[in-house]
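Let's take a stroll through this one, from the whole chain down to a few odd backbone angles. Have the viewer open as you read.

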Amino acid sequence: MSTTNATSTASDRIDAETEDAGEQINTEDDQTEKEVLDDDEEGRSELYSVQEDMAARNNNDLVNLQLFYCQKAKKLLMLYPLYLSLFVFFPHLYLNLCFLYLQVLDWAYGMNPTLPVLSLQDEDRLVILYICAHVAVMYDHTSNAQHLLQGHCSPITCLCASEDRRWLVTADMGQESLVIIWDAYTGIPVRTLFDCHPEGGVSAMALSKDSKYLVTVGDGAVQRVCIWNWTDESETPECQVDLSPKYGCQVGAEVCTDTFNMVLGSLSQSIFYYDGVLAFTATSAGNIVLWDKQTQFVSRQPVVRKAVKLVPLQEEAITVLTLIDSFIVTGDVNGHIKFYDGNLKLINVYNEFSLDPIKSISFSKEKPSISDLGYSKDCTLDAKPFVIRWGTYIIIIYNHKCTLLKEHVEPLEAVACHPKQPLVAMGSHSGTIKVWDYEHKEAVCSRVFLPHKQIQCITYDPQGFYLAVGFASGALQIVDACTLQSDDKECFHYSQDSITHLTFSQDSRYLAAADTGKAVTLLRQCKEGTQEVWKYQGRHHSHYKPIQDLLFGVDLDSSQPRLLSLGMDRWLVEYDLQNSGEDGLLILSSERIEQSAVPTCMVWYPPLTPEHFLLTASNLYKMKLFNATSKMCRKTVFGPSYGSPVKKMAILPASKDGDPNSRYMAYITQDKVLSVFKVGIQILPLDGNPHKSFAMICHSTGVSTLACSYDGRYAFTAGGQDCTVFSWELNLSLEASAALGGKDMLPFYNLLEGGRDGPLFREMEEYFYYCQLQNQDLDTMETRLVSTRIPLADVPFLMRALGFYPTEQELEDMQNEVKFSRYAETRNYVTDIDLEEFIKLYVNHRPASGIARQELCNAFQVLGKPDERGIYTIDRDELLELLQARGEHMTEDDLAECFTTLVGISGVGASCTESVFESMLPPEISMETFATDILGFSAATQELPQEHGHDL
């Protein structure tokens with residue numbers, strides 16, 4: 001990989017101009033106007049160059065080209081004249097830049113343990129390429145910098161490079177699989193193949209020696225081999241063939257032992273030698289299989305080679321077989337690397353490492369000069385630099401020097417940020433905790449915990465003295481935050497269930513843990529002599545469904561710590577810390593905060609109002625504010641809806657230089673059904689405006705947790721099974737981007753079907769005016785008092801008239817939201833509401849998606865019984881009893897009024913007699929009968945699939 005190109009690339013030019021612009025911004029005001037105009041003209045000329053570049057490429061590569069320039073957004077936006085020109089010439093690209101610049105992927109920790117590491121070294125720099133989830137990482141060890149190749153939405157499963165290391169190719173196996181060819185010099189995607197193997201993605205690929213052709217192997221039931229001329233604009237392969245299933249999946253193979261009358265083992269890797277005339281294959285028994293020569297080529301028929309010779313090289317299994325110049329190179333399970341000539345004669349051995357089995361070997365195409373090595377020319381072999389990867393290590397051999405790197409290759413579930421320093425700790429299933437300085441990108445310390453492995457969660461105390469570690473075994477350990485060392489007495493094991501949540505109190509005196517056994521354990525720091533020790537305080541099985549979140553707070557009156565837990569059972573439990581002891585952890589109060597929605601997380605709302613709130617999120621895309629003392633629901637807003645509900649939230653600290661009332665919240669979303677995992681930022685205060693929320697894909701297979709730096713500049717997401725932690729640089733100047741969605745009421749009008757000019761808004765106005773007239777008596781002849789508000793008591797009727805039928809609890813929440821909206825400031829209740837306030841109330845409280853068929857199916861499966869045909873039905877008398885005794889109770893008069901109105905047999909308010917119900921309802925009610933004959937849903941509506949997003 002050469003660092004000096006004859007032709008300057010677009011990336012180099014943009015970087016150079018950006019650095020010049022940064023210097024110009026910091027200069028004094030005595031610069032002449034001519035210099036500013038020259039810079040503006042230079043920026044415009046660069047944009048014309050970009051425009052021509054984009055026009056020259058096909059439409060498929062436009063997205064990738066935009067992605068490249070979005071990666072340069074931070075530098076581009078420093079040049080103000082260029083920024084203005086960007087908006088003029090590329091408004092669509094401007095929107096992408098504004099959006100992506102809010103969250104920039106800054107660093108990738110970890111790696112994919114199943115893919116090789118490639119060497120891109122040259123004479124000046126130690127550069128390697130490896131994979132982190134759906135991102136390819138070009139790591140420059142010399143400057144300790146990463147260049148991230150982003151473009152895939154699914155995990156990258158294949159990686160290869162051209163012989164000269166100029167071109168890199170990555171592929172994935174997602175639902176919309178991609179193959180992307182990258183320029184290794186600039187990191188720009190130059191070609192993208194969309195859905196080249198739609199049946200399952202790409203399982204293997206390779207470039208030809210001249211880099212012109214790319215061969216891909218599909219992962220479908222019938223594997224297809226395609227050869228692409230990626231240098232042209234064709235969307236179809238040059239040729240393709242389907243492999244017969246009799247050959248099996250092209251991943252591994254076996255050689256019949258009868259051929260050589262000895263144990264061969266499974267085949268690991270194969271290479272061609274002497275321009276493809278000979279072929280060698282390594283086996284797990286330490287043998288090399290030599291295949292017969294190819295004598296002729298038969299068109300459109302597979303060339304079948306026969307094993308003609310077996311060479312036993314060693315007893316250990318050979319895991320890697322590759323070729324460099326005229327030498328054959330092997331790597332084995334003992335971590336040894338051996339060089340052979342064409343006759344399989346041993347030339348050299350690297351055996352001083354002796355670590356884990358070797359996974360890959362990659363050589364650089366550059367070789368150092370003999371003078372650099374210090375040896376005479378006639379006694380020295382070509383010592384080209386190469387890269388070796390074991391399970392957890394990467395070793396770079398360069399000028400007879402070794403450089404050792406170590407990354408996480410086990411699932412990463414835990415990440416935590418130090419409360420006062422730029423440090424982030426990561427814990428993996430291998431039992432390893434590694435602490436990084438995320439500003440200097442350096443590892444500070446690490447520790448392997450034995451015998452307990454599978455670290456599930458970690459957290460720092462607010463003072464930064466301790467780091468608590470929770471394990472899948474149920475063990476809990478408290479270590480020193482600086483050294484990661486601890487006394488053996490600081491390991492607690494009071495549960496056999498995996499620890500899922502850890503949290504310290506604000507004064508660092510308490511530590512609480514939640515586990516998969518639906519219990520909460522409390523530890524307290526006590527003083528014994530001159531030492532501070534942690535002691536068991538109590539444990540309580542407080543939920544009957546998994547615990548979603550655990551949180552410490554501060555009592556507003558006594559300033560004492562308070563502990564709350566939130567479960568999937570919809571209960572918010574507060575514990576009595578003052579009266580709890582070794583006999584048990586006591587419960588102070590329990591509140592059911594949801595009826596149908598399942599809460600997912602909670603956090604303390606920042607002090608933006610005189611009132612103190614607890615913020616919760618649910619799986620129905622709603623966020624609720626609860627009074628910190630009374631736990632009354634005080635506000636409900638429509639939350640971020642990017643295809644999946646919010647899983648975890650974190651309030652970012654207030655900016656020291658900015659507006660103290662301008663606060664932000666980071667969050668992650670997860671939907672395992674749709675495989676949508678995102679990280680985003682929300683502008684506070686919450687009001688339901690969708691344009692105040694931003695999100696982008698963070699991981700491709702799942703996201704386990706979120707942590708934010710002490711200064712709010714970075715957010716860290718752990719991917720779990722992808723063995724990766726991503727560092728996101730946050731830009732907290734979001735108001736300008738949010739303004740693109742409109743000001744004042746415009747974003748809320750747009751949430752209505754048809755907007756402000758649509759039929760729903762006109763219907764709202766008519767009903768609202770009707771309520772005003774009704775409150776002044778429709779038949780009155782007196783002069784009417786014109787008002788823009790209606791009584792709060794009319795809100796339920798207006799909601800139902802618009803087709804939204806909230807429960808009694810939801811109506812109470814609506815009225816409390818309006819009633820107490822100004823109580824903290826004025827000590828007066830609000831008893832009426834205007835049209836704009838009603839619209840906000842409507843769009844924030846109504847369901848994010850309509851009733852789906854699957855919801856009715858689930859209800860009948862829970863409440864009903866299957867008949868002889870397997871159809872779930874509910875007995876009529878049992879249904880009437882459930883409606884009167886469960887949930888929000890209905891009286892007999894309420895039932896009669898509802899059913900007669902729905903069925904349309906008699907007028908509203910008919911008397912409730914058994915004969916009336918018998919005439920209206922069949923003895924056994926099926927889901928189809930209930931939906932079609934009673935609720936009035938059409939058959940077509942029932943067939944709609946379950947929606948995961950919102951249709952507002």
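## Buried and exposed, then helix 16

A quick word on terms: a residue counts as buried when its relative accessible area is under 20%, as exposed when that value is over 50%, and as partly exposed in between. Keep in mind, too, that this is a predicted model.

With that in hand, look at helix 16, which spans residues 876-885. Arg-876, Leu-879, Leu-880 and Leu-882 are its buried residues. Viewed down the helix axis, they fit within an arc of 160 degrees, so they line one face of the helix. On the face turned away from that buried side sit Asp-877 and Glu-881, which are exposed.

Both ends of this helix have something to show. At the N-terminal end, Asp-875 acts as a cap, with a side-chain oxygen 3.1 Å from the backbone nitrogen of Asp-877. After the helix comes Gly-887, with a positive phi near 65 degrees.

## The chain as a whole

Zooming out, the protein chain has 952 residues, and 50% of them are buried. DSSP-style bookkeeping gives 20 helices and 57 strands. Among the contacts with a separation of 6 or more, 49% are between residues 24 or more positions apart.

How much accessible surface does the protein chain have, and what share belongs to carbon and sulfur atoms? It comes to about 45,700 Å², with 51% belonging to those two elements.

## A four-stranded open sheet

Next up is an open sheet of four strands, ordered 38-39-40-41, with antiparallel pairing. Strand 38 (547-554) and strand 41 (584-592) are at the edges with a single partner strand each, so one side of each has no neighbour in the sheet. From one strand to the next, the twist averages 25 degrees.

As general background, strands of a sheet pair through backbone hydrogen bonds, in either a parallel or an antiparallel way. Here, strand 38 and strand 39 (residues 561-567) run antiparallel and are joined by seven bridges. If you want one pair to click on, try Gly-553 and its bridge partner in strand 39, Arg-562.

## Strand 31 and its two hairpins

Why is strand 31 described as largely enclosed by the rest of the structure? Strand 31 covers residues 466-471, and five of its six residues are buried, so the rest of the structure largely encloses it.

It also has a partner on the way in and another on the way out. Strand 30 (residues 455-460) pairs with strand 31 in the antiparallel sense over five bridges, and Tyr-460 stands opposite Leu-467. These two strands make a hairpin with five residues between them, and Gly-464 in the turn has a positive phi of about 80 degrees.

Strand 31 is likewise joined to strand 32 (residues 476-480) by five bridges, and these two run antiparallel. Val-469 stands opposite Gln-477 in strand 32. This hairpin has four residues between its strands, and Gly-474 takes a positive phi near 95 degrees.

## Backbone oddities in the loops

Follow the chain on from strand 32 and you get to Leu-484, in the loop leading to strand 33 (491-492). Its phi is near 65 degrees, a positive value in a residue other than glycine. Is Leu-484 buried or exposed? At 0% relative accessibility, Leu-484 counts as buried.

Asp-195 is another residue other than glycine with a positive phi, this time near 50 degrees. You'll find Asp-195 in the loop between strand 9 (189-194) and strand 10 (202-207). With 36% relative accessibility, Asp-195 counts as partly exposed.

There's a cis peptide bond to check as well: the one from Leu-684 to Pro-685, with omega near 5 degrees. Pro-685 lies in the loop between strand 48 (676-684) and strand 49 (693-697).

## A buried threonine in helix 17

Last stop: Thr-900, in helix 17 (residues 892-903). Thr-900 has 1% relative accessibility and so counts as buried. What does the side chain of Thr-900 find as a polar partner? One of its polar atoms lies 2.5 Å from the backbone oxygen of Ala-896.

Methods
Residues are numbered from 1 along each chain as its sequence is written. This is a predicted model: local features need pLDDT of at least 70, side-chain atom pairs count only at pLDDT 80 or more; totals for chains, interfaces and linings use all residues. Side-chain values use heavy atoms; hydrogens and water are left out. Two strands pair if DSSP finds at least two bridges between them. Axes are lines fitted to C-alpha atoms, for helices over the stretch in contact, and angles run from 0 to 180 degrees between N-to-C directions. Buried means under 20% relative accessible area, exposed over 50%, partly exposed in between (1.4 Å probe, protein chains only). The arc is that of the directions from the helix axis to the C-beta atoms. A polar contact is a pair of N or O atoms within 3.5 Å; within protein, one must be able to donate a hydrogen and the other to accept it, and residues adjacent in sequence count only if both atoms are side-chain atoms. Contact means heavy atoms within 4.5 Å. Accessible areas come from the Shrake-Rupley method with a 1.4 Å probe; for residues, only the protein chains shown count as cover.
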